[in-house]
Amino acid sequence: MKTAKRFFSLEGIDGSGKSTHIEKLANALEAEGYSVVRLREPGGAKISERIREILLDASFKGVMADKTELLLYNAARAQVIAEIIQPALDAGKIVIADRFAWSTFAYQGYARGLGADMVQRLTELTCDGCFPELTVVLDLTVEQSRARTAKRGGAPDRLEQEKADFFERVRQGYLAAAREFPDCVAAIDVDRPFEEVSAELIKLVKSRL
Ligand code: TMP
């Protein structure tokens, strides 16, 4: 897969601390004078956020076909690339995405069982070279994830309603990506003090700048 300089993404199952780590990382880079665009996936642009609502709608549990899910994640991605990510990279900015195509690999390819080949073909069509040069997987066990997210309020969305074995497959998908593509995927253990994880993440990203 062709990758784009200065494009980074964070991955992990729920409760890995992605959003807090992204904020800390982005602030550290901005403090050094870089211009940083942060976004979440699915989302980050108006059309992509609308697609997100459909994807996460709990009333579609058991209704949405796996291929529909796969295509909608890619549709949301195509839009945020065209509208936000590519223009930001062209302007020399750093882009940090909370999830990107490795989520599709882990959730739809691995956990739903659609397979890596189908996901890869579609990713090439959707991303067309606009793919993160480095993705950091914040790794934790499903039990740790459950313990961390149990403290959150609110009704679970369609994906959050999946069972533990689904998330175990997601995790294994991420770990397989880190093993198979070490140049662009790094997994770090987050069952450690926050500051220690944050420092490792910042160091990893800075090593690519
Ligand atoms: P989140 O932004 O709150 O993590 O919600 C996004 C959900 O969508 C999360 O459960 C992971 C899932 N997801 C996929 O299944 N495939 C994808 O390609 C992406 C980006 C997210």
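Here's a quick briefing on the sheet, the largest pocket and two buried valines in this structure. Keep in mind that this is a predicted model. The sheet is open and has five strands, ordered S2-S3-S1-S4-S5 with parallel pairing. The largest pocket holds about 560 Å³ of space, and charged residues make up 11 of its lining.

**The sheet**

- Start at the edges: strand S2 (36-40) and strand S5 (185-189) each pair on one side only.
- Going across the sheet, neighbouring strands are turned by 20° against each other on average, if you ignore direction.
- S2 runs parallel to strand S3 (residues 94-98), and five bridges join the two. Arg40 is part of this pairing, with Asp98 in S3 as its bridge partner.
- S1 and S4 also run parallel and are joined by five bridges. Here Leu10 has Val136 of S4 as its bridge partner.
- At the other end of the order, S4 pairs with S5 in the parallel sense, again over five bridges. If you want a residue pair to look at, Thr135 has its bridge partner, Val185, in S5.
- Helix H1 (18-31) lies across strand S1 (4-11), S2, S3 and strand S4 (132-139). Relative to S3, H1 runs at about 170°.

**The largest pocket**

- The volume to work with is about 560 Å³, and 26 residues line the pocket.
- Closest to the pocket centre are Asp14, Lys18, Glu41, Arg52 and Arg99.
- By class, the lining splits into seven nonpolar, eight polar and 11 charged residues.
- Four helices each bring at least two residues to the lining: helix H1 (18-31), helix H2 (46-56), helix H3 (66-90) and helix H4 (101-111).
- H4 gives the most, with four lining residues.

**Strand S4 and Val137**

- All of S4 is tucked away: eight of its eight residues are buried, so the strand is largely enclosed by the rest of the structure.
- Val137 sits in this strand. Its relative accessible area is 2%, and since the cut-off for buried is under 20%, Val137 counts as buried.
- What does Val137 touch, leaving out residues up to four places away in sequence? The list is Glu11, Tyr174, Val185, Ala186, Ala187 and Ile188.
- For a distance to check, take Val137 and Ala106: they are 31 residues apart along the chain, and their C-alpha atoms are separated by 11 Å.

**Val190, in the loop after S5**

- Val190 belongs to the loop between S5 and helix H8 (194-206).
- Is this loop residue buried or exposed? Val190 is buried, because its relative accessible area of 3% falls under the 20% limit.
- Not counting residues up to four places away in sequence, Val190 touches Ser16, Leu138, Asp139, Leu140, Arg148 and Val197.
- Val190 and Thr141 are 49 residues apart along the chain, with 9.5 Å separating their C-alpha atoms.

Conventions
Residues numbered from 1 in each chain as written. Predicted model: local features only at pLDDT ≥ 70, side-chain atom pairs only at ≥ 80, totals over all residues. Heavy atoms only, no water. 1 Å grid on protein atoms, 1.4 Å probe; cavity = no way out; pocket = protein on both sides within 12 Å on 5 of 7 lines; lining within 4 Å. Points joined across faces, edges and corners; volume = space filled by probe spheres on them. Nonpolar A, V, L, I, M, F, W, Y, C, P; charged D, E, K, R; others polar. Pairing = 2+ DSSP bridges. Axes fitted to C-alpha atoms, helices over the stretch in contact; angles between N-to-C directions. Contact = heavy atoms within 4.5 Å. Buried < 20%, exposed > 50% of the residue type's maximum accessible area, 1.4 Å probe, protein only.
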